[in-house]
Amino acid sequence: MKIDIVTLFPGIFAGPLQESILGRARAKGLVEIGVINLRDSAEGRHRVTDDYPFGGGGGMVLKPEPLFACVEALRRPGSRVILLDPQGRRFSQDVARELATVEHLILLCGRYEGVDERVREHLADDEISIGDYVLTGGELPALVVTDAVVRLLPGALGDEEAPGKDSFGAGLLEGPHYTRPEEFRGRRVPEALLSGDHARIARWRRAQALWRTWRRRPDLLETADLSPEEQKLIEEFKHGKKPEA
Ligand code: 9WO
């Protein structure tokens, strides 16, 4: 897989892309990530990338020419051009799974008051928002999308940390995790986890995940596909029963 990130601020990406799982996935050759300075696609001695908005109103807008030139040099069959923008469709684990199947992602990071509308209409194939807040640009959202997608590529995570069991992998929140010591400041690790009974541990974890989801994110239960036993647990929660602590 290849991911090209088009930005006016390439320096933002140096740290995040070389650390941890992203850095390791690149070193292993699972993904090639390019960071392209949009300014290099701007013409003229001053390489100007922004201009005043028609109609006035202040602020600056990213000009279409450098973005079109940059993307036209990068794109190939199998590319998907994505604008990171608060007006886009909402990013989610499902969208991450979808993007992880695309051969080549081109992520466009807007700045200032936004990009010329013709970029949105005639250059981007897709627009993605990571949430309802205004940032200073699309760079951090591009990193969020990159991180969520790359960790799904086969081999990016170790066997111990395979995706699927984590939050949203199964459409539910994760239950609690504990490590040593068994007792910390008088708080003990739940007995089920110390029992060595693997079936009991699996049941405890499933009940905890369901409980947490029911309490914190009941909306997720609408779409989760639950086994009959799990549906029964939810029914019991509704009648006031709590899972084993
Ligand atoms: C700036 C602005 C100033 C005054 C009034 C309204 C305004 N809206 C914006 C604006 O949306 N600026 C954006 C900044 C332009 C495109 C790049 N920027 C951006 C991307 N901010 N937040 C995102 C973003 C992208 C994806 N998911 C969440 C947020």
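A disulfide here is a pair of cysteine sulfur atoms within 2.5 Å. Keep that cut-off in mind for a later stop on this tour of a predicted model.

**Stop 1: the whole chain**

Start zoomed out and colour the chain by domain. Select residues 2-150 for domain 1 and residues 167-238 for domain 2. If you place a marker at the C-alpha centre of each domain, the two markers will sit 38 Å apart.

**Stop 2: the ligand and its shell**

Now select the ligand and show the residues around it. You should find 18 of them, and the ones that come nearest are G110, Y112, S129, I130 and L135. Colour this shell by residue character and you will see nine nonpolar, six polar and three charged residues.

Next, switch on the cartoon. Which strands each supply at least two residues of the shell? They are β5, at residues 79-90, and β7, at residues 126-129. Of the elements to highlight, β5 gives the most, with three residues.

**Stop 3: polar atoms at the ligand**

Stay with the ligand and show the backbone atoms of three of its neighbours. At I130, a backbone N or O atom lies 2.8 Å from a ligand nitrogen. Move on to L135, where a polar backbone atom is 3.1 Å from a nitrogen of the ligand. Then pick Y112: here the distance between a polar backbone atom and a ligand nitrogen is 3.4 Å. Turn on the surface before you leave, and look at how much of the ligand is covered: on its own it has 600 Å² of accessible area, and the protein covers 73% of that.

**Stop 4: R120**

Select R120, which you will find in helix α5, residues 117-122. Is R120 buried or exposed? Its relative accessible area is 13%, so R120 counts as buried. Show side chains and follow its two partners listed here. One polar contact, of 3.0 Å, links the R120 side chain to that of E117. Another, of 2.7 Å, runs from the R120 side chain to the side chain of E127.

**Stop 5: the cysteines**

Finally, select C70 and C109 and show their sulfur atoms. How many disulfides does the cut-off give? The count is zero. Why is C70 not bonded? The closest cysteine sulfur to that of C70 belongs to C109 and is 11 Å away, which is too far for a bond. Starting from C109 leads back to C70, again at 11 Å and too far. Both side chains are worth a look on the surface view: C70 is buried because its relative accessibility is 3%, and C109 is buried at 4%.

Technical notes. Residues numbered from 1 in each chain as written. Predicted model: local features only at pLDDT ≥ 70, side-chain atom pairs only at ≥ 80, totals over all residues. Heavy atoms only, no water. Domains from an automatic or database assignment. Near = heavy atom within 4 Å. Polar contact = N/O pair within 3.5 Å; in protein donor to acceptor, adjacent residues only side chain to side chain. Areas by Shrake-Rupley, 256 points an atom, 1.4 Å probe, with all protein chains shown as cover. Helix = DSSP H or I, 4+ residues; strand = E, 2+ residues; numbered from the N terminus. Nonpolar A, V, L, I, M, F, W, Y, C, P; charged D, E, K, R; others polar. Buried < 20%, exposed > 50% of the residue type's maximum accessible area, 1.4 Å probe, protein only.
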